[in-house]
Amino acid sequence: MAESRVPRSRRFLVCEPRHFAVQYAINPWMHPDRPVDVDLAREQWQDLIRTYRAHGHTVDSVEPVPGLPDMVFSANAAFVVGGRVFGSLFHAPERRPESLHYDTWFKAAGYAVHRPESVTEGEGDLVWTGRYVLAGTGFRTTREAHREAQEFLGHPVIGLTLVDPYFYHLDTALFVLDEDNIVYYPEAFSPGSREVLRRLFPDAVLATRDDAMAFGLNSVSDGRHVFIAPQAEALSGRLADHGYVPVPVDLSEFHKAGGGIKCCTQEIR
Ligand code: ARG
């Protein structure tokens, strides 16, 4: 079955963790009194970039800015489909200034950026399945932003309500494997949203709370390789059973800020 999974090469936007730290707490993972090993974080991040390149993916990067310790989480800065850039308006005041720097990068790269009016955090809560947009709400991105995203992108936006503060962004509870399938942790969603996911993806790979707490749902798939936290061992095994090839990349230092592989990766489509 593994032979039938075909990878598609991607273009990713990242931001080096030069100023990464946990200085404030805007999700339950963050404890400013628990130190981050800055050198280890940098090595882990570089390993992620090397691994992407070794698998044929293109990686572009935004220059990090002092005083913006979460800027490494590039996924939160925009959501791009078909060259349309739907920018971010961060929930936390601490992160709001990041948008300007990412918007500047997009403009220099030749893209027009839509500045949203409502709170929305890029690919943190907006997930492209290849056919439509799955959109999280409950902690960060608002329903109003879902409407704005649909109007701007011209793709159907399907709202999903998140209910567990540990999984405050959709990309901590769900990821797309390929055009046909996803992986998600059902208990992170309201009963109605769970039902929606069941109807849309009857064959989805279901994750456990342990998989989710190990940041296993904060993964990136190219259709064949799944770049995944090594701590999510059980989920990796299940993905292999489904014919995918798990590629472990350890970003444990970033877990201390509530982020993992996917949070550090924005896809430009
Ligand atoms: N500390 C960051 C925040 O709470 C982590 C963001 C993680 N990114 C993600 N795509 N889930 O905003």
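**View 1. The shell around the ligand in a predicted model.** The shell mixes three classes of residue: 6 are nonpolar, 7 are polar and 3 are charged. In total, 16 residues surround the ligand. F73, G124, H169, G259 and C263 come nearest to the ligand. Two of these names, H169 and C263, return in the next view as a pair listed in UniProt.

**View 2. The listed active-site pair, H169 and C263.** An unreviewed UniProt entry gives both residues under "active site". In sequence they are spread over 95 residues. In space they cluster, and the largest C-alpha distance is 9.6 Å.

**View 3. Close-up of H169 and its contacts.** H169 sits in a loop. On one side of that loop is β8, residues 157–161. On the other is β9, residues 174–178. H169 counts as buried because it has 30 C-beta neighbours inside 10 Å, and the cut-off is 20 or more. Leaving out residues up to four places away in sequence, H169 touches E121, G124, D125, G136 and R140. One of these, G124, is also among the residues that come nearest to the ligand.

**View 4. Close-up of C263 and its contacts.** C263 also lies in a loop, between α7 (252–255) and β15 (266–267). With 25 C-beta neighbours inside 10 Å, C263 passes the same cut-off and therefore counts as buried. Its contacts are F73, A75, N76, D171 and N218, again not counting residues up to four places away in sequence. F73 appears once more in the set that comes nearest to the ligand.

**View 5. The open sheet β6-β7-β8.** This sheet has 3 strands, and their pairing is mixed. β6 (126–128) and β8 are the edge strands, each pairing on one side only. On average, neighbouring strands are turned by 25 degrees against each other, direction ignored. β8 also borders the loop that holds H169.

**View 6. How β6 meets β7.** β7 covers residues 133–137. β6 and β7 pair in the antiparallel sense, over 3 bridges. In one bridge, V127 has L134 of β7 as its partner. G136, a contact of H169, falls within the residue range of β7.

**View 7. Helix α3 across the sheet.** α3 spans residues 143–153. The helix lies across β6, β7 and β8. Relative to β7, α3 runs at about 160 degrees.

Terms used
Residues are numbered from 1 along each chain as its sequence is written. This is a predicted model: local features need pLDDT of at least 70, side-chain atom pairs count only at pLDDT 80 or more; totals for chains, interfaces and linings use all residues. UniProt positions are given in the numbering used here, feature names are shortened, and annotations may be inferred rather than shown by experiment. Helices (H or I, at least four residues) and strands (E, at least two) are DSSP runs, numbered from the N terminus. A residue is buried if 20 or more other C-beta atoms lie within 10 Å of its own, exposed if 12 or fewer, and partly exposed in between; C-beta atoms are placed from the backbone. Two residues are in contact if their C-beta atoms, placed from the backbone, lie within 7 Å. A residue is near a molecule or strand if its C-beta atom, placed from the backbone, lies within 6 Å of it. Ala, Val, Leu, Ile, Met, Phe, Trp, Tyr, Cys and Pro count as nonpolar, Asp, Glu, Lys and Arg as charged, and the others, Gly among them, as polar. Two strands pair if DSSP finds at least two bridges between them. Axes are lines fitted to C-alpha atoms, for helices over the stretch in contact, and angles run from 0 to 180 degrees between N-to-C directions.
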